[in-house]
Amino acid sequence: MEYIEAQLRQILASTVWTHKIQEKQADIYLNKYNLFETIRIIVLAITTSGIVSCIFVDEVWIKIVTAILSAISLFISTYLKSYDLKGLHQSHKETAIQLLELREDIISVICDIKTNIIDMEDLIKKRDEIKYKYLSICKNSLDAKNSAVKKASKALKVRQDNTYSDEEIDSYLPVALRKNK
């Protein structure tokens, strides 16, 4: 059981890491969407003012500024339509939630090991289910950008990729389940 527990602990660490990356990527897309949407609203308001001004004042510079702002608004609208930042945000958020659920499943199995209420056959079955679920989630998830990985690393204070000490893994577990209490 010790070796299966060690494998589950490694999957737990990877799950926590991947979950945080997906959360950070979702945040990046949402922040980008909010920024572009705010700029678009401001530009549209100024463009509308420029159009109304053109009716009453026949100044060339007002027409030029209004045309430029209108082009910027068109660019932002096209960008938001083309890249569906809200959809990307939602997809990464859904993956993060699936990983969160998996994390809780892993913790439950580690609990079962620690309390000796699971036999080896059931443990191997649950371990395999967890492993395949993790791989399936990763396979079906969208890739994250390096900036999301950096933000996740900073948030989790992980210094080495896929190398976890017992202390780092223990920091993801409830106190009673820690190896080094």
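Where is Asn 116 found? Asn 116 is found in the loop between helix 3 and helix 4; helices here are DSSP runs of H or I with at least four residues, numbered from the N terminus. The structure is a predicted model in which local features need pLDDT of at least 70 and side-chain atom pairs count only at pLDDT 80 or more, while totals for chains, interfaces and linings use all residues. Residues are numbered from 1 along each chain as its sequence is written, and side-chain values use heavy atoms, with hydrogens and water left out.

**Loops and positive phi**

Phi of Asn 116 is near 55°, a positive value in a residue other than glycine. Asn 116 is exposed, with a relative accessible area of 62%. The classes used throughout are buried for under 20% relative accessible area, exposed for over 50%, and partly exposed in between (1.4 Å probe, protein chains only). Accessible areas come from the Shrake-Rupley method with a 1.4 Å probe, and for residues only the protein chains shown count as cover.

Asp 84 is not a glycine either, yet has a positive phi of about 40°. Asp 84 lies in the loop between helix 2 (60-83) and helix 3, and at 44% relative accessibility it counts as partly exposed. A further positive phi, of about 55°, is taken by Lys 157, just after helix 5.

**Nonpolar cores**

A nonpolar core is a set of buried Ala, Val, Leu, Ile, Met, Phe, Trp, Tyr and Cys residues joined through side-chain atoms within 4.5 Å. The largest one has 28 residues, of which Leu 8, Leu 12, Ile 106, Leu 123, Ile 130 and Leu 173 touch the most other members. At least two residues of this core come from each of helix 1 (2-56), helix 3 (85-114), helix 4 (120-140) and helix 5 (146-156). Helix 1 gives the largest share, 9 residues.

Ile 106 can serve as an example. Leaving aside neighbours within four places in sequence, Ile 106 is in contact (heavy atoms within 4.5 Å) with Leu 8, Ile 11, Leu 12, Thr 15 and Ile 130. Apart from the largest core lies another, of 7 residues, among them Tyr 33, Phe 36, Leu 80 and Leu 85.

**Helix 5**

Ala 148, Ala 152 and Leu 156 are buried in helix 5. These three residues are on the same side of helix 5 because they cover an arc of only 60° around the axis, the arc being that of the directions from the helix axis to the C-beta atoms. An α-helix has 3.6 residues a turn, so residues three or four places apart point the same way. Helix 1 is included in what covers the buried residues of helix 5. On the other side of helix 5, Asn 146, Lys 150 and Lys 154 are exposed.

Ser 147 also has its place in helix 5 and, at 36% relative accessibility, counts as partly exposed. Ser 147 and Lys 24 are 123 residues apart in sequence, but their C-alpha atoms are 8.5 Å apart in space.

**Surface patch**

Val 52, Ile 55, Phe 56 and Val 57 make a nonpolar surface patch of about 420 Å². Patches are made of residues with over 30% relative accessible area and no salt bridge, with like charges joined within 9 Å and nonpolar side chains (Val, Leu, Ile, Met, Phe, Trp, Tyr) joined within 5 Å. Of these residues, Val 52 is found in helix 1 and counts as partly exposed at 41% relative accessibility.

**Salt bridges**

The structure holds 11 salt bridges, each a side-chain nitrogen of Lys or Arg within 4 Å of a carboxyl oxygen of Asp or Glu. Side chains of opposite charge can pair when their charged atoms come close. The table includes three of the pairs.

| Pair | N to O distance |
|---|---|
| Arg 9 and Asp 166 | 3.4 Å |
| Arg 9 and Asp 170 | 3.1 Å |
| Arg 127 and Asp 128 | 2.8 Å |

Salt bridges that share partners join Arg 9, Asp 166 and Asp 170 into one network. The pair of Arg 9 and Asp 166 links distant parts of the chain, with Arg 9 in helix 1 and Asp 166 in helix 6 (residues 166-170), 157 residues apart. Arg 9 and Asp 170, the latter also in helix 6, are 161 residues apart.

Arg 9 counts as buried at 1% relative accessibility, and Asp 170 is buried too. Asp 166 is partly exposed, with a relative accessible area of 31%. In the remaining pair of the table, Arg 127 counts as buried at 15% relative accessibility, whereas Asp 128 counts as partly exposed at 23%.
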